Amino acid sequence: MKNRYTFLLLAVVLVAGLYPNIASGQATRTWVSGVGDDANPCSRTAPCKTFAGAISKTAAKGEISVLDPGGYGAVTITKSITINGDGTLAGVLGAGVNGIIINAAADDIVIIRSISINGGGSGLNGIKYIAGGQVNVENCTINGIAAGGSGILVDHSAKALLTVRNTTITGPLNTMNGISIKTSSATDTAKAFIENSNIQGLATAITARDRAIINLNNCVVSNNYKALYTEVSTSLIRVSNTSVYNNTIGVDTGLGKIVSFGNNQVAGNLQSAPMTSVMSSQ
């Protein structure tokens with residue numbers, strides 16, 4: 001009998017070692033629903049109510065999927081994870097707070113897909129990326145951020161990489177900002193690639209700040225107070241296939257540099273500095 005119990009104990013330990021997510025109660029895929037409950041295990045048949053409730057039950061490098069339309073609350077992300085709202089209306093109402101905070105490890109990758117973030121007019125920022133290796137924002141909408149806040153704010157202390165695709169960021173007109181990038185590191189760079197996106201009706205649409213490089217491709221930046229702005233000498237924006245229309249200030253090079261591949265449309269702005277032609281070293 002003793003040998004039998006010893007064998008069973010060894011079997012349990014072996015299984016726990018092979019499947020650590022099962023042993024810790026975390027699943028690779030979890031689910032949220034508008035009629036869920038955060039006391040649930042976040043399974044397909046017993047989903048959670050909020051992203052914050054699901055994230056503690058989701059393994060690193062796992063995915064939180066959305067079952068049906070609903071508001072799923074603000075969330076802080078501290079590990080590699082995908083939040084996926086494909087196929088439904090998945091919203092985050094971030095009134096008075098940051099909608100999504102990314103504060104992850106240096107090699108973590110976070111994906112935010114098909115999420116609508118609404119600050120309700122008082123939200124601090126839509127997405128605030130303060131730590132983590134890479135953040136991908138795909139097919140999202142962001143609006144309703146308070147004056148001085150940003151749809152997406154990268155305020156990192158080390159190397160950062162942001163990718164934004166197929167995303168729309170809109171006003172309140174001339175109060176909130178669009179995408180603002182910087183790192184406080186003296187040696188690293190914060191980089192962003194923004195593609196197929198609309199940034200409109202804002203105070204400043206795109207800002208490259210301390211040690212930031214932004215690559216803008218196939219975007220529309222329109223009806224803002226200021227469209228493109230490089231704040232300091234260590235900031236750079238590269239622009240390709242992009243329309244900069246009907247802004248009060250179209251291009252403001254500030255102390256940095258804004259360079260063009262020669263295939264952009266800049267028109268209808270009350271004032272605009274010229275972009276420089278792109279060079280191989282830029």
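1. Let me start with a salt bridge: the side chains of Arg209 and Glu231 come together at 3.5 Å, N to O. The two residues sit in distant parts of the chain, 22 residues apart, with Arg209 in the loop between β17 (204-208) and β18 (212-217) and Glu231 in the loop between β20 (226-230) and β21 (236-240). Arg209 is partly exposed, at 22% relative accessible area, and Glu231 is partly exposed too, at 28%. Keep in mind throughout that this is a predicted model.

2. Stay in that second loop for a moment. Ser235 is also found between β20 and β21, and with a relative accessible area of 3% it is buried. What does the side chain of Ser235 reach at 3.3 Å? That would be the backbone nitrogen of Glu231, the acidic partner of Arg209 in the salt bridge of point 1. A polar atom of the Ser235 side chain also lies 2.5 Å from the backbone oxygen of Val232. Beyond its neighbours within four places in sequence, Ser235 is in contact with Ala208, Arg209, Ala212, Thr230, Gly256 and Lys257. Arg209 thus turns up twice here, as a contact of Ser235 and as the salt-bridge partner of Glu231.

3. How many salt bridges does a search of the whole structure find? The count is six. One of them joins Glu63 and Arg29, with 3.0 Å from N to O. Glu63 belongs to strand β2 (residues 58-66) and Arg29 to strand β1 (residues 27-32), so this pair ties together parts that are 34 residues apart in sequence. Is Glu63 buried or exposed? Glu63 counts as buried, at 16% relative accessibility, whereas Arg29 is partly exposed at 41%.

4. Another salt bridge to look at is Arg165 with Glu195, at 3.2 Å, N to O. Here too the pair links distant parts of the chain, 30 residues apart: Arg165 is in strand β12 (residues 160-165) and Glu195 in strand β15 (residues 190-195). Arg165 is partly exposed, with a relative accessible area of 34%, while Glu195 is buried at 18%.

5. Now the sheet that carries several of these residues. Eleven strands form an open sheet with parallel pairing, in the order β1-β2-β5-β8-β10-β12-β15-β18-β21-β24-β26. The edges are β1 and β26 (276-277), each with a single partner strand, so one side of each has no neighbour in the sheet. At the β1 end, five bridges join β1 to β2, and the two run parallel. Trp31 stands opposite Ser65 in β2. The Glu63-Arg29 salt bridge of point 3 falls on these two strands as well.

6. A second set of pairings centres on β9. Strand β6 (residues 90-93) pairs with β9 (residues 116-131) in the parallel sense over three bridges, and Gly91 has Ser116 as its bridge partner there. Strand β7 (residues 100-103) is joined to β9 by four bridges, again running parallel, with Asn103 partnered by Ala131. Then β9 and β11 pair over eight bridges, also in the parallel sense; Lys128 has Leu153 in β11 as its bridge partner.

7. On to the interior. The largest nonpolar core has 59 residues. Which residues have the most contacts inside it? They are Phe51, Ile77, Leu162, Ile206 and Leu228. Strand β11 (residues 141-156) supplies the largest share of this core, four residues. Ile206 is worth clicking on: apart from its neighbours within four places in sequence, its contacts are Ile179, Ile194, Ile199, Ile214, Leu216, Ala227, Leu228, Tyr229 and Ile237. Leu228, a contact of Ile206, is itself among the residues with the most contacts in the core.

8. Last, the cysteines. The count comes to one disulfide, formed by Cys42 and Cys48 with their sulfur atoms 1.8 Å apart. The torsion about that S-S bond is about -70°, so the disulfide is left-handed. Both Cys42 and Cys48 are buried. Cys140 counts as buried as well, at 1% relative accessibility, and so does Cys219, at 2%.

Methods
Residues numbered from 1 in each chain as written. Predicted model: local features only at pLDDT ≥ 70, side-chain atom pairs only at ≥ 80, totals over all residues. Heavy atoms only, no water. Salt bridge = Lys/Arg side-chain N within 4 Å of Asp/Glu carboxyl O. Buried < 20%, exposed > 50% of the residue type's maximum accessible area, 1.4 Å probe, protein only. Polar contact = N/O pair within 3.5 Å; in protein donor to acceptor, adjacent residues only side chain to side chain. Contact = heavy atoms within 4.5 Å. Pairing = 2+ DSSP bridges. Core = buried A, V, L, I, M, F, W, Y, C linked by side-chain atoms within 4.5 Å. Disulfide = S-S within 2.5 Å.
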